[in-house]
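Welcome, and please take a moment to look over the sequence and the 3D view below. The report that follows starts with a pair of side chains and works outward to the sheet and the core.

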Amino acid sequence: MAVGIGPTAIDPARRPVRRSPGRRRGADAAAAAHRRGRGGVKGAAIHTHVVSCTVERPFTSARGLLHTTLACCLVELQTDDGIVGWGECRGPAAALKTVVDTLLAPRVIGRDPFDVGAIWEDLYDRVKDHGRAGLPVAGIAGIDIALWDVLGRALGLPVHKLIG
């Protein structure tokens, strides 16, 4: 029995399956094919880099903060077979570096970077008690982007082709 009226009615028996942002069908199949052909790949190291620059013309944000510099935290993920993927964390760069280095990176090292969805779920389960937004989730995003970059580089495909 459908709940609601008209085209927006939802049939409880046909509810959509919740999928994490890190899980994509096409990429899962491509990653499985890659693993069959080359064996297991492991995340060997994660390095974070805080990059900042001075703004030529300082500006005020919508919140009224004066910005004289801009900074971001870059995540560099290296696999044991030499593939390097890059991701970016948006937010306070130095704080994000600490979150990624101490809270998130140890849970990724030694895991198969092709298991993007499983890694995302594990990291999110680890930090969800700290809130569902903010620094922990921004750190997960940086690692997630780096994982997708590794996947694309290993398969020789741009990430937009992998995620559809």
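A good place to begin is the salt bridge between Lys97 and Asp101, whose closest N and O atoms are 3.2 Å apart. Keep in mind as you read that this is a predicted model. Why might these two side chains be placed to meet? Lys97 and Asp101 are four residues apart in helix H2, so about one helical turn separates them. Lys97 is partly exposed, because its relative accessibility is 29%, and Asp101 also counts as partly exposed, at 31%.

**More salt bridges**

How many salt bridges does a search of the whole structure find? The search finds six. Three of them are set out here.

| Pair | Closest N to O distance |
|---|---|
| Lys97 and Asp101 | 3.2 Å |
| Asp122 and Arg107 | 2.9 Å |
| Arg153 and Asp149 | 3.0 Å |

Turn next to the pair formed by Asp122 and Arg107. Asp122 sits in helix H3, while Arg107 belongs to the loop between H2 and H3, so this salt bridge ties together parts that are 15 residues apart in sequence. Arg107 is partly exposed, with a relative accessible area of 33%.

The salt bridge of Arg153 and Asp149 lies within helix H4, where the two residues are four apart and therefore separated by about one helical turn. Are these partners buried or exposed? Arg153 is exposed, as its relative accessible area is 51%, whereas Asp149 is buried, with a value of 16%. There is also a network: salt bridges that share partners join Arg107, Arg111 and Asp122.

**The sheet and the helices on it**

Now find the strands. Three of them form an open sheet in the order S1-S2-S3, and their pairing is antiparallel. Which strands lie at the edges? They are S1 (43-60) and S3 (84-89), each of which pairs on one side only. From one strand to the next, the twist averages 25 degrees.

Looking at the pairing of S1 and S2, you can follow 13 bridges in the antiparallel sense. One residue to look for is Thr60, whose bridge partner in S2 is Leu66.

Two helices can then be placed against these strands. H2, the helix that holds Lys97 and Asp101, lies across S1, S2 and S3 and runs at about 170 degrees to S1. H4 packs on the sheet as well, touching S2 and S3, and its direction makes about 155 degrees with that of S3.

**The nonpolar core**

Finally, look inside. The largest nonpolar core has 32 residues, and Leu104 and Ile143 touch the most other members. Which elements each supply at least two residues of this core? They are strand S2 (66-79) together with the helices H2 (93-104), H3 (116-127) and H4 (135-155). The largest share, nine residues, comes from H4.

Leu104 is worth selecting in the viewer. Leaving aside neighbours within four places in sequence, Leu104 is in contact with Val99, Leu123, Val127, Pro136, Gly139, Ile140 and Ile143. Ile143 therefore appears twice in this picture: as a contact of Leu104, and, with Leu104, as one of the two core residues that touch the most other members.

Notes. Residues numbered from 1 in each chain as written. Predicted model: local features only at pLDDT ≥ 70, side-chain atom pairs only at ≥ 80, totals over all residues. Heavy atoms only, no water. Core = buried A, V, L, I, M, F, W, Y, C linked by side-chain atoms within 4.5 Å. Buried < 20%, exposed > 50% of the residue type's maximum accessible area, 1.4 Å probe, protein only. Contact = heavy atoms within 4.5 Å. Pairing = 2+ DSSP bridges. Axes fitted to C-alpha atoms, helices over the stretch in contact; angles between N-to-C directions. Salt bridge = Lys/Arg side-chain N within 4 Å of Asp/Glu carboxyl O.
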